[in-house]
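Hi there,

Here is the structure I promised to pass on. My notes on two spots in it follow below, so have a look whenever you get a moment.

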Amino acid sequence: MGKYALKLYVTGHTPRSQQAIDNLRGILEAEFADRYELEIIDVLDKPQLAEDEKILATPTLIKELPPPLRRVIGDLSDRDQVLLGLDLRTVGEGQPDTSDGGSHHD
Amino acid sequence: MTESGPLGIEKCPTAIDGFEFIADGGLPAGRATLVAGSSGSGKTIFSAQFLVEGIRQWGQPGVFVTFEEPPAAIRDNFESLGWPMADWEADRRWAFVDLSPEEDQPEVAGAFDLGALLPRIEHAVHRIGARRLVIDSLGTLYTQFNDRHMVRRALGRLMAAVRRMGVTTLVTAERTEEYGAVARFEVEEFVADSVVLLRNVLEGDKRRRTIEILKMRGTSHQKGEFPFTISNAAGGVSIIPLSAIELNQAASEERASFGVPDLDAMCAGGLLRQSVALVAGPTGTGKSLITSHFLTGDPAERSLLFAFEEGSSQLHRNAAGWDLPFARMEAEGALRIQSVYPETASLEDHLVHMKKAIDHFRPQRVAIDSLSALERVGSDRGFREFLIALVAHLRAQGITTLLTTNTSNLQGGGIASEAQVSSMTDTIILLRYAEQAAQIKRGLVVLKMRGSDQDKAVREFTVTDRGIRVGEPFSASGGSLLGFAEG
């Protein structure tokens with residue numbers, strides 16, 4: 001399995017921005033250790049990136065890899081919603097998802 | 001580029017046809033104006049045209065912030081109006097800020113705000129050096145996010161930033177009623193100083209667009225509703241400023257000849273130059289004949305005919321039968337015939353087309369045959385406004401004008417246009433059937449002629465292979481006119 005490529009868009013060095021960064025790092029370190037790359041983008045410094053990505057709400061977390069592209073907005077304090085929104089599993093054992101009842105094979 | 005309004009606030013001209021007149025010079029420069037209207041009232045086109053004319057007339061770049069349609073759809077729409085969006089975006093004269101809703105709603109995991117809104121808009125404005133800004137439309141965020149307090153804070157900050165940037169801005173807002181609250185979600189709280197309302201009202205079975213300036217920060221403006229049109233031919237929005245009719249009424253005392261001495265004599269020498277004459281009569285009495293004489297009356301003048309009843313070839317055959325030089329004049333560029341089916345366009349669009357044809361051909365004489373054909377196209381009110389605007393334009397150009405109507409009855413009970421038209425005309429020529437010695441004959445009378453001592457007799461006329469021939473007064477020979485109501 002390849003690495004997770006994540007981008008976190010924040011607006012300035014605000015408490016909310018810092019909280020989102022801390023929350024995200026906590027989740028990623030606990031669940032994925034060194035299997036992720038995280039880029040933090042301040043839309044005040046890089047507004048054109050925000051335009052290109054159509055960012056409106058901040059903080060916005062984007063999972064670029066693996067596909068599909070997913071977005072989560074908020075300060076990421078709701079850990080379950082973050083994992084759900086990013087299609088990430090909390091299992092940590094790397095087991096495939098079987099919730100589809102095995103109706104098809106990989 | 002800007003001019004001071006009467007009360008010292010700079011005005012930013014829009015170059016939207018007619019808007020400077022109703023806004024006394026334009027929008028408040030460097031400030032925001034709310035453009036509120038129901039769905040389909042033309043807010044987006046109106047606002048976009050403000051940017052378009054800024055680019056075209058003054059080379060001022062513009063930013064279009066869209067909360068609703070994605071830029072791809074807007075580009076297609078605007079390209080169809082002849083606006084070269086791709087070129088302008090490539091040249092940094094136009095930039096979109098795309099805030100249209102995402103197809104997939106993002107997952108929400110904690111508190112957030114709309115923190116990228118301002119940076120993106122400010123970035124776009126600075127990137128292309130925008131002098132004009134459109135935000136379309138302000139209330140949309142309320143439908144996307146449940147947290148109304150958050151949206152309200154974001155919009156408040158946005159409008160404060162717009163004021164700081166000092167770009168002339170149009171902010172659109174949705175209305176749910178044509179005559180009710182200014183805007184949905186009360187967004188006018190953010191842009192309260194200047195408010196323009198666009199309406200698209202159903203009148204009878206016809207739609208009618210109007211624009212009204214509700215207020216305009218510290219500057220004067222015209223009051224009330226003005227009709228407007230949106231058409232590809234006009235290149236977008238065109239406003240019809242009815243009050244302009246008051247501007248010029250100075251008509252000449254010179255005469256415009258019919259080229260027929262008998263007819264001229266009845267009008268004390270001909271129609272007043274730069275005046276408007278009406279020829280009214282039932283079908284077949286000779287309105288087209290009088291019109292044709294008028295168009296060919298002076299070989300030194302250029303004449304333009306708007307023909308709504310007959311095609312060009314039929315008109316040429318008629319003229320040839322009366323020995324009138326339509327063909328030669330047309331070949332020499334002294335006559336132009338625009339033959340149009342009335343039902344092909346709305347009255348507003350007809351008006352735009354006719355003004356364009358007049359401005360392009362620059363005639364000394366214009367004839368419209370007939371107004372009755374046009375009256376079918378719109379509501380009574382729409383027709384009245386069309387007529388006022390058209391007559392005002394013709395007078396402003398110093399054109400001598402002949403209008404015709406089909407009427408069956410002179411006094412009362414006639415079609416609505418007769419009373420309306422006659423109040424706007426300087427001269428009225430009535431054509432009637434008359435019975436004399438058990439024969440139906442045709443009679444003509446100059447009923448009204450401003451400032452002239454015209455012949456008031458009802459005279460018989462005949463149609464010959466040289467056109468009209470005016471004869472003796474009926475009164476002298478004891479005939480009776482048909483269709484004149486007594487009393």
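In helix H10 (residues 312-321) of chain B, the buried residues (under 20% relative accessible area, 1.4 Å probe, protein chains only) are B:Leu315, B:His316, B:Asn318 and B:Ala319. They lie on the same side of H10(B), because they cover an arc of only 160° around the axis, taken from the directions from the helix axis to the C-beta atoms. This is a predicted model, where local features need pLDDT of at least 70, side-chain atom pairs count only at pLDDT 80 or more, and totals for chains, interfaces and linings use all residues. Residues are numbered from 1 along each chain as its sequence is written, chains are lettered from A in the order in which they are written, and side-chain values use heavy atoms, without hydrogens and water.

The buried residues of H10(B) pack against strand S17 (303-307), helix H11 (326-332) and strand S18 (335-339) of chain B. On the face turned away from them sit B:Arg317 and B:Ala320, both exposed (over 50%). Just after H10(B), B:Asp323 has a positive phi of about 65°.

The other spot is a helix pair. Helix H5 (residues 117-128) and helix H7 (residues 148-165), both of chain B, pack at about 20° with axes 10 Å apart. H5(B) is therefore roughly parallel to H7(B) (angles under 35 degrees). The contact (heavy atoms within 4.5 Å) includes B:Leu118, B:Ile121 and B:Val125 of H5(B) and B:Ala154, B:Leu158 and B:Ala161 of H7(B). Its residues divide into 8 nonpolar, no polar and 3 charged, with Asp, Glu, Lys and Arg counting as charged, Ala, Val, Leu, Ile, Met, Phe, Trp, Tyr, Cys and Pro as nonpolar, and the others as polar.

Best wishes

Terms used:
Axes are lines fitted to C-alpha atoms, for helices over the stretch in contact, and angles run from 0 to 180 degrees between N-to-C directions. Helices (H or I, at least four residues) and strands (E, at least two) are DSSP runs, numbered from the N terminus. Angles under 35 degrees count as roughly parallel, over 145 as roughly antiparallel, 65 to 115 as roughly perpendicular and the rest as oblique.
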